[in-house]
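Colleague: I am new to this structure. Could you take me through it?
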Amino acid sequence: DTTPVVVTVTGAAGSIGYAAVFRIAAGDMLGPDRPIKLRLLELPQAVSAAHGTAMELQDGAFPLLTSVDIFDDARAAFDGTDFGLLIGAKPRSKGMERADLLSANSAIFAEQGAVINDVAADDIRVIVVGNPANTNAAVAAASAPDVPAERFTALTRLDHNRAIAQLAAHTGAPVRDISRVSIWGNHSATQYPDIFHARIGDRSGADVAADTDWLVGDFIPTVAARGTAIIEARGASSAASAANAAIDHVRDWVLGTPADDWTSAAVSSPGAYGVPEGLMCSFPVRSVDGAWQIVDGLEINEFSRARIDASVAELQSELDAVAARR
Ligand code: NAI
């Protein structure tokens, strides 16, 4: 199919947006045959910066990029959109309570969800990157009653990729020989990177996980706190790796996951694995015919169950806090 697709990126002048748009224009997200019309949505004060990014995109002379348009109005930016990368969000400012952060963002994502409902393509696919990503995605989905909930997702692929990278570093197995890693729950400190079902070179994940000191004392906290470690080292939050993960997520959603592997994404729970319906929870997922399917039938041991439950409880409390404020 060579009809151009419309891709709307919010927060396009921010760090992740800046890293993402060049990869999208280069064809890394939708393949080498799909022409792209890029729409950049920004706050009015960042529109000028977005124009600068658009000039650089022009200077990339990307054969697949047929247009770049800049908006500060969501309704215009999402008109007919096929793919929405919702990266822009209100950052946590000094002294801000978590409840205030949740409600400030829920206002943004409720508005964008409603606009998507009204004007986007019927088969739009949305990935929310802006934090708190899972709850923002749940709010957007709830504000778009005519769009099937499975078309809204949130990014936990960065956590997934970080888990693979840590496994490679720990075991010496090359990244390409590691499969079936799972991230469960929230994109937050409570997330649970599960390796019990993984394949790591010629070892089973359960075998590697048997080193409980490493699993509990090193692996899980390193993956969960990687974002903080990068802020400390770089003086800025992870941007290129987050953009890379968002592109991985959309590419696999459209083009499919490898036959004997799966990935992780936050999707609207249908009640799977005891996760209440409607929570936007990270699961192990496969993409089949352009739709995410939660990998079913995995045996969840007690160790995993406790950690999944804790992260799911946090997701529920975030959604409750948002509902209480509205
Ligand atoms: P940034 O502050 O560099 O850029 C954010 C951009 O969004 C700014 O240019 C801002 O003007 C824009 N923006 C804010 N509200 C907007 C709105 N209502 N509509 C359109 N644009 C809006 O931030 P950065 O580093 O690019 O991060 C973006 C978000 O991604 C943050 O919320 C961050 O916490 C989150 N994040 C999520 C990750 C994940 O794995 N889910 C990983 C890393 C970051």
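Modeller: The protein chain is divided into domain 1 (5–154) and domain 2 (157–319), with bounds that come from an automatic or database domain assignment. This is a predicted model: local features need pLDDT of at least 70, side-chain atom pairs count only at pLDDT 80 or more, and totals for chains, interfaces and linings use all residues. Residues are numbered from 1 along each chain as its sequence is written.

Colleague: How many residues does the contact take from domain 1 and domain 2?

Modeller: It takes 28 residues from domain 1 and 29 residues from domain 2; two residues are in contact if their C-beta atoms, placed from the backbone, lie within 7 Å. The C-alpha centres of the two domains are 23 Å apart.

Colleague: And which residues surround the ligand most closely?

Modeller: The closest are G11, G14, I16, G88 and N131, out of 28 residues that surround the ligand; a residue counts as near if its C-beta atom, placed from the backbone, lies within 6 Å of the molecule.

Colleague: Where does that shell lie relative to the domains?

Modeller: Both domain 1 (5–154) and domain 2 (157–319) give residues to the shell around the ligand, so it lies between them.

Colleague: Which helix gives the most to the shell?

Modeller: Helix α1 (residues 15–25) does, with three residues. Helices (H or I, at least four residues) and strands (E, at least two) are DSSP runs, numbered from the N terminus.

Colleague: Changing topic, what does A137 touch?

Modeller: Leaving aside residues up to four places away in sequence, A137 touches V128, F152, T153, A154, A266 and M280.
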